[in-house]
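Student: Got a minute to go through this one with me? I'd like to start with a single helix and then zoom out.

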Amino acid sequence: MLDAHDHLLPGVDDGSPSWEVTLAMARQAADDGIDHIICTPHINAEVDGLAMLDRHAALRDELEARLADADLSIRLECGAEWMLTPDLIDVVSNRGRLGKSRAFLYELSPFMPLAAAGGILKDARKAGLIPVLAHPERYPSASEKDMPLLGDFAARGCYLQITGGSLLGVFGKEVRRLAERIVQSFPDRVVLSSDAHNTGARAPRLKAAYAALDALKSGLGQQAAQRLAALCSSE
Ligand SMILES: [Fe+2]
């Protein structure tokens, strides 16, 4: 099972603060059946600069060695959760996509309207890139009224990454309801990842969330998992 949105690397964002927590999260992931993680620290290209990507790659290498020492078998790749900035398509044309794929993960700041996420879709398509919008169900401005907007994003090539915990009520009833509505409205464009930050409520677990997808629509869990795997191996 692949988790393509995970703040597992230590000390680089608001995810794992230490190697100890990172290894505990990796153990939780392995226990849940996750055998492939794309590490996606938050990056704002304008604020953090692209040198962060080199730091992340070095941490990934070190984590790979530490996982081998701990006898944990998880394939690790680098990615990023990009803050939407005007030059994002230029940036991800070169670096910072999900693994070695054409897909990239991006998010909005809490102050941006959901509509802003559509601003890069035309350029993404021109550049041959596949946009994956992180957790549309969790933006403060998002509501059930946004289904036509999300439908427009989807029609223009954007995938919608639902966070597993959203389907399990981790972020409250409203987020859960919105996540379910998105899944039911766009079953062909939804993918699932943990967006794990810690070993607590936001741990790297996916099995229960995939079961929740199946409960909404039979077979959807497997379809969404296959879709994510295909996106993250797109060339
Ligand atoms: Fe995230």
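**One helix and its surroundings**

Tutor: Sure. Keep in mind that this is a predicted model. On α9, the exposed residues A208, A211 and A215 sit on the face turned away from the helix's buried side.

Student: OK, and which residues of α9 are buried?

Tutor: In α9, which runs over residues 207-216, the buried ones are A209, Y210, A212 and L213. They lie on the same side of α9, because they cover an arc of only 155 degrees around the axis.

Student: What covers the buried residues of α9?

Tutor: The cover includes three helices, α7 (164-167), α8 (173-185) and α10 (220-231), along with the strand β9 (190-193).

Student: Let's take α10. At what angle do the axes of α9 and α10 cross?

Tutor: Roughly 125 degrees, and the two axes come within 7 Å. That angle makes α9 oblique to α10.

Student: And which residues meet there?

Tutor: From α9 you have Y210, A211, L213, D214 and L216, and they meet L220, G221, A224 and A225 of α10. By class, this contact has seven nonpolar residues, one polar and one charged.

Student: Switching topic: how many helices and strands does the chain have?

Tutor: There are 10 helices and nine strands.

Student: What about the radius of gyration?

Tutor: The chain has 16 Å, which agrees with the value near 18 Å for a compact globule with 235 residues. Along its principal axes, the C-alpha trace spans about 50 × 40 × 30 Å.

Student: And what share of the residues is buried?

Tutor: Buried residues make up 44% of the 235.

Conventions
Residues are numbered from 1 along each chain as its sequence is written. This is a predicted model: local features need pLDDT of at least 70, side-chain atom pairs count only at pLDDT 80 or more; totals for chains, interfaces and linings use all residues. A residue is buried if 20 or more other C-beta atoms lie within 10 Å of its own, exposed if 12 or fewer, and partly exposed in between; C-beta atoms are placed from the backbone. Helices (H or I, at least four residues) and strands (E, at least two) are DSSP runs, numbered from the N terminus. The arc is that of the directions from the helix axis to the C-beta atoms. Two residues are in contact if their C-beta atoms, placed from the backbone, lie within 7 Å. The radius of gyration is taken over C-alpha atoms; the globule rule is 2.2 Å times the number of residues to the power 0.38. Axes are lines fitted to C-alpha atoms, for helices over the stretch in contact, and angles run from 0 to 180 degrees between N-to-C directions. Angles under 35 degrees count as roughly parallel, over 145 as roughly antiparallel, 65 to 115 as roughly perpendicular and the rest as oblique. Ala, Val, Leu, Ile, Met, Phe, Trp, Tyr, Cys and Pro count as nonpolar, Asp, Glu, Lys and Arg as charged, and the others, Gly among them, as polar.
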